[in-house]
Amino acid sequence: MQAIPVSLRQIDYVITAADTGSTAAAARVLNVSQPSVSLAIAKVEEHFGRPLFARSAGQGIAPTAFGLRKLGALRSLRAQAQSVLDHKDSGAEVLNLGVFSTLGPRYAPALVGSFQKVAPDARIALHEGDLDRLTRWLENGRIDLALIYDFGLPSSLKITPLADVRPYGLVARAHPLAGRGTVAMADLLTDPLILMNLPHSRNYFLTLAQMNGIRPRIAHETSSVEMLRAMVANHMGVGLVATDIAQDTACDGQPVTRLELSDPLVPHRIALARAPHPHTAPLVAAFQDHVASAFNP
C-alpha cells in the first residue's frame with residue numbers, strides 16, 4: 001500500500017495559510033512557528049510539483065489558479081477525514097451554502113426549511129456575501145454552493161439557472177406615480193435615485209439607466225435592500241430593485257408601491273453556482289435538485 005504523501009496537519013497548515021493570507025498569521029492562529037507553516041506548504045507544493053501560492057513581499061500570499069482548485073479538494077478531503085475520525089459522529093452531513101446578501105432573506109430560509117423536511121439529518125450552514133466574496137469562497141472550497149446572481153461569473157464555475165427576474169421601480173405610497181402600475185424608467189428617474197451599491201449591482205442599475213438614455217441623480221447609496229425600501233418609503237428618493245419582495249411596507253411600517261417598468265430591460269438571472277469538482281457530494285447534489293425543483297415546479 002502506498003503511503004499517504006502529506007499529513008492532515010500539513011493540510012491544516014495550508015488551508016489556514018490560505019484563509020489568513022500569510023504564513024505569519026496562520027502560525028498565530030495555529031499556535032505554531034512560522035517556519036512550521038512554511039515547511040508544510042513547501043511539502044505539499046513539492047508533492048504536487050506546482051506552487052499553491054504566489055508570494056509577494058510585504059503582501060503575504062495568495063492562491064494561484066492551480067492552488068484555488070487544489071484548496072477546494074483539500075478542504076473536502078479534510079472534512080471527510082474529520083467525519084470519519086469523529087467518534088461523536090451523529091451521522092449528519094453539512095452543506096456550506098453561500099447566499100448573495102439581497103437574495104438570502106427572500107429565498108434561503110424557505111429553501112433550507114423545505115429541504116430539511118425531506119432530509120432531516122442534513123445540516124446546512126449559511127454564509128452571506130457579495131458576488132466577489134461568494135465566487136472566491138466557491139473557488140477555494142469554503143462553500144459548496146452559492147445562491148447568486150449570474151453576473152459574468154467565472155467560466156470555471158458550474159451554473160444552474162433558476163429564474164430570470166425583471167427589475168422594477170419602487171416609490172412611496174403617496175408618490176404621484178404610485179397609482180400608475182407601470183411606468184417608463186425615464187419618468188421614474190425624474191426623481192433622485194436610491195442606488196444599491198453592492199459590487200456588480202451598482203453597475204447593473206446604472207447601465208440599465210444609461211441604456212435608456214438616462215443619467216440618474218443619485219440621492220443615496222446603500223448595500224441593504226431593506227434600507228433602500230425604508231428610504232423610498234420615507235420620500236428620500238425612488239428605487240430600482242431586482243429582488244422580488246412581496247411586502248408592501250418597509251421595515252418601519254411605512255408603505256411602498258412597486259411599479260413595473262415598461263422599458264426593454266436585461267433581467268437578473270438567479271442561479272446556483274458550484275466549483276467543478278470531479279465528484280459532487282450526494283448532499284450537494286440533492287440540495288441542488290431540490291432548489292431547481294422549487295424554482296421550476
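**Entry 1: Serine 7**

I began with serine 7, which is partly exposed, its relative accessible area being 31%. I am working on a predicted model. Serine 7 sits in the segment before α1 (8-20). I looked up its distance to valine 44, which is 37 residues away along the chain, and the two C-alpha atoms are separated by 9.1 Å.

**Entry 2: The whole protein**

I went on to the overall counts. I find 10 helices and 13 strands in the protein. The C-alpha atoms fill a box of roughly 75 × 50 × 35 Å along the principal axes. Of the 297 residues, 44% are buried.

I noted the domains from the domain assignment: domain 1 (8-85), domain 2 (94-164 + 269-295) and domain 3 (167-266). Domain 2 is written with two ranges, 94-164 and 269-295. How far apart are the centres of domain 1 and domain 3? Taken over C-alpha atoms, I get 44 Å.

**Entry 3: Two residues with positive phi**

Most residues other than glycine have a negative phi. I therefore wrote down two residues that have a positive one.

Asparagine 31 has a phi of about 60 degrees and is not a glycine. I found asparagine 31 in the loop between α2 (23-30) and α3 (34-48). Its relative accessibility is 72%, so I count asparagine 31 as exposed, the cut-off being over 50%.

Histidine 235 is not a glycine either, and its phi is positive, at about 65 degrees. Histidine 235 lies in the loop between α9 (225-233) and β11 (238-241). Buried or exposed? I count histidine 235 as exposed, because its relative accessibility is 55%.

**Entry 4: Helix α5**

I checked the length of α5 (104-118). Its 15 residues should span 21 Å at 1.5 Å a residue, and I find its end C-alpha atoms 21 Å apart, so the two values agree.

I then asked which residues of α5 are buried. They are Gly104, Tyr107, Ala108, Leu111, Val112 and Phe115. These buried residues cover an arc of only 115 degrees around the axis, which means that they lie on the same side of α5. An α-helix has 3.6 residues a turn, so residues three or four places apart point the same way. On the other side of α5 I noted Pro105, Pro109, Ala110 and Lys117, which are exposed.

**Entry 5: The second largest pocket**

I looked next at the second largest pocket, with a volume of about 330 Å³. Its lining holds 17 residues, and Pro105, Arg106, Val225, Glu226 and Ile245 lie nearest its centre. The elements giving two or more residues to this lining are α5 and α9. Which of the elements gives the largest share? I find that α9 does, with 3 residues.

By class, I count 6 nonpolar, 7 polar and 4 charged residues in the lining of this pocket. Domain 2 and domain 3 each supply at least three of the lining residues. Pro105 comes up here among the residues nearest the centre of the pocket, and I had already listed Pro105 as exposed on α5.

**Entry 6: The largest cavity**

I turned to enclosed space. Rolling a probe the size of a water molecule over the atoms shows where empty space is left. How many cavities of 30 Å³ or more are there? The count comes to 1. The volume of the largest cavity is about 80 Å³.

I listed the lining of the largest cavity: Phe100, Thr102, Tyr149, Met196, Ser201, Phe205, Val225, Leu240, Val241, Ala242, Thr243 and His268. Both α8 (201-211) and β11 supply at least two residues each. By class, the lining of the cavity has 8 nonpolar and 4 polar residues, and no charged ones.

Where does the largest cavity lie? Domain 2 and domain 3 both give residues to its lining, so I place it between them. Val225 is in the lining of the cavity and is also one of the residues nearest the centre of the second largest pocket.

**Entry 7: Isoleucine 218**

My last look-up was isoleucine 218, in strand β10 (residues 218-222). Isoleucine 218 counts as partly exposed, because its relative accessibility is 36%. Isoleucine 194 is 24 residues away along the chain, and I find 6.1 Å between the C-alpha atoms of isoleucine 218 and isoleucine 194.

Technical notes. Residues are numbered from 1 along each chain as its sequence is written. This is a predicted model: local features need pLDDT of at least 70, side-chain atom pairs count only at pLDDT 80 or more; totals for chains, interfaces and linings use all residues. Side-chain values use heavy atoms; hydrogens and water are left out. Helices (H or I, at least four residues) and strands (E, at least two) are DSSP runs, numbered from the N terminus. Buried means under 20% relative accessible area, exposed over 50%, partly exposed in between (1.4 Å probe, protein chains only). On a 1 Å grid over the protein atoms alone, a cavity is a set of points where a 1.4 Å probe fits but cannot get out, and a pocket is an open set with protein on both sides within 12 Å along at least five of seven lines; lining residues have an atom within 4 Å of a point. Grid points are joined across faces, edges and corners, and a volume is the space filled by probe spheres set on the points. Ala, Val, Leu, Ile, Met, Phe, Trp, Tyr, Cys and Pro count as nonpolar, Asp, Glu, Lys and Arg as charged, and the others, Gly among them, as polar. Domain bounds come from an automatic or database domain assignment. The expected span of a helix is 1.5 Å times one less than its number of residues. The arc is that of the directions from the helix axis to the C-beta atoms.
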